[in-house]
Amino acid sequence: MIKVENVSKVYNTKSGKVVGVDDVSLEVLKGDIYGIVGYSGAGKSSLIRCMNILERPTSGKIEVDGVDLLQLSSKKLREARQSIGMIFQGFYLASAKTVFDNVAFALKAAGVATTQRKERVMELLDLVGLSDKASHYPAQLSGGQKQRVSIARALANNPKVLLCDEATSALDPSTTKSILKLLKKINQEFGITIVLITHEMEVVKEICDTCAVMQDGRIIEQGPSYDIFANPKEELTKQFIDTILNFDLPAKLLEACKGTILQLQFRGDLASDPVVSDMLQKFKVSANILHGKVEYIKETPLGIFIMELLGDPQEVAEAKLYLEERLKQVEVIQHAR
Ligand SMILES: Nc1ncnc2c1ncn2[C@@H]1O[C@H](COP(=O)(O)OP(=O)(O)OP(=O)(O)O)[C@@H](O)[C@H]1O
């Protein structure tokens, strides 16, 4: 649906050239929710703004739904943009207009007749759960409600793609969840492809099918979100994953443990497999669970457990081998002492 090919964005500033995006290529498939994560200054905003030519790339190619956006005249680009909705961290609602008029404005700009506008606005407000706020002004709404209005406005002209520029960064965790739920619903019900940028791995965990990690203007790692969580390759990706799957054990606890400490990863269906109890029945070892949790990456479980194995060294070694065969991902955190 979206193809970004060798895109760079260089800003000319008083103090010289600043590279925002550095030779990025990626493909967002139709119907995907694609998350781009990175710290501040990584180039996420520059990249997402290049996707609808809000920012004109210095070089490279942007294709949306088969159309090469950089080859279009201004008029054709304006038309093409109607199929690319966008929402922002700061909402950008017109403060002097009611909720109804904020949404209606997008339809008016697209030449939709007044009679059809009313019906469509009410349909959109119903979709985002704000039918009762049509005559309110933005100042009378909470942050989450304002973002719902901007989502309704972005969807007004039935876009195929929705770009979300840090759409939940200004919201508290529970409002963030409700907005993510709404985005998921929009993706599932209307098949709208969503690209979002964020600095929160929690957002990726909740809704993204695919994820890319950005640093210094480049994509350093990308793939299905589940694989990125289960098997991050780059140091920065690991740091982001740690914000969700952090397993630092207290030093005192590690000192007190005499056995072999293992970290076990249970993926997908294995999360409910009785691997540990099978192991305990097969080998003369005992196990202390020191830490553990199951996270759901979108809907797929990813379990991580830290366990101390105690017993005869030979039995412990065999038990570890058995776990490795069943689980594939077993890491020794501390050897027996
Ligand atoms: N309009 C601009 N003029 C000059 N430099 C810019 C401009 N916009 C972005 N930059 C620079 O490009 C780089 C990437 O910025 P960008 O805003 O894209 O990153 P980001 O990952 O979105 O960060 P943040 O989350 O803080 O917005 C930074 O060094 C930034 O200073």
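Helices here are DSSP runs of H or I at least four residues in length, strands are E runs of at least two, and both are numbered from the N terminus.

**View 1. The whole chain, before zooming in.** What you're looking at is a predicted model. Counting up the secondary structure gives 12 helices and 14 strands. Along the principal axes, the C-alpha atoms fill a box of roughly 80 × 50 × 35 Å. There are 337 residues in the chain, and 34% of them are buried. Take the contacts with a sequence separation of 6 or more: 69% of them link residues 24 or more positions apart. On the confidence side, the average pLDDT for the chain is 92, and 99% of the residues score at least 70. For the complex, the predictor reports an ipTM of 0.96 along with a pTM of 0.89.

**View 2. The shell around the ligand.** Which residues sit around the ligand? From strand 1 and strand 2 onwards, the list runs Y11, T13, V18, G20, G38, S40, G41, A42, G43, K44, S45 and S46. Three elements, namely strand 1, strand 2 and helix 1 (44-51), put in at least two residues apiece. Helix 1 has the largest share of this shell, with three residues. Sorted by chemistry, the shell has eight polar residues, three nonpolar and one charged.

**View 3. The open sheet that holds strands 1 and 2.** Four strands line up here in the order 2-1-4-5, paired antiparallel, and the sheet is open. At its edges are strand 2 (16-28) and strand 5 (67-68), each of which pairs on one side only. Nine bridges connect strand 1 (residues 2-13) with strand 2 in the antiparallel sense. If you want a landmark, find Y11, which stands opposite V18 in strand 2. Both Y11 and V18 also appear among the residues around the ligand. As general background, strands of a sheet pair through backbone hydrogen bonds, in either a parallel or an antiparallel way.

**View 4. Strand 9 and its two partners.** Is strand 9 (residues 210-215) mostly covered or mostly open? Mostly covered: five of its six residues are buried. One partner is strand 3 (residues 33-37), which runs parallel to strand 9 and is joined to it by four bridges. Within that pairing, V37 has V213 in strand 9 as its bridge partner. The other partner, strand 10 (residues 218-224), pairs with strand 9 in the antiparallel sense over six bridges. Here C211 stands opposite G223 in strand 10. Strands 9 and 10 make a hairpin with two residues between them, and D216 in the turn has a positive phi of about 50°.

**View 5. The second open sheet, with a helix packed on it.** This open sheet has four strands too, ordered 12-13-11-14 with antiparallel pairing. Why do strand 12 and strand 14 each have a side without a neighbour in the sheet? Strand 12 (285-297) and strand 14 (330-334) stand at the edges with a single partner strand each, so one side of each is left without a neighbour. From one strand to the next, the twist averages 20°. Helix 12 (residues 313-327) packs on this sheet and touches strand 11, strand 12, strand 13 and strand 14, with its direction at about 15° to that of strand 11.

**View 6. Strand 11 and the residues opposite it.** On one side, strand 11 (residues 260-267) runs antiparallel to strand 13 (residues 300-311), with eight bridges joining them. Two pairs to pick out: Q265 stands opposite I304 in strand 13, and R267 has L302 as its bridge partner in that strand. Strand 11 also pairs with strand 14, again in the antiparallel sense, over four bridges. In that pairing, Q263 has E331 of strand 14 as its bridge partner. In a regular strand, the side chains alternate between the two faces of the sheet.

**View 7. A154 and its surroundings.** Find A154 in helix 5 (residues 143-155). Is A154 buried or exposed? It is buried, because 23 other C-beta atoms lie within 10 Å and the cut-off for buried is 20 or more. Leaving out residues up to four places away in sequence, A154 touches G85, M86, I87, P159 and L162. For a sense of distance, A154 and S25 are 129 residues apart in sequence, and their C-alpha atoms are 26 Å apart in space.

Note on methods. Residues numbered from 1 in each chain as written. Pairing = 2+ DSSP bridges. Near = placed C-beta within 6 Å. Nonpolar A, V, L, I, M, F, W, Y, C, P; charged D, E, K, R; others polar. Axes fitted to C-alpha atoms, helices over the stretch in contact; angles between N-to-C directions. Contact = placed C-beta atoms within 7 Å. Buried ≥ 20, exposed ≤ 12 C-beta atoms within 10 Å, placed from the backbone. pLDDT = per-residue confidence, 0-100.
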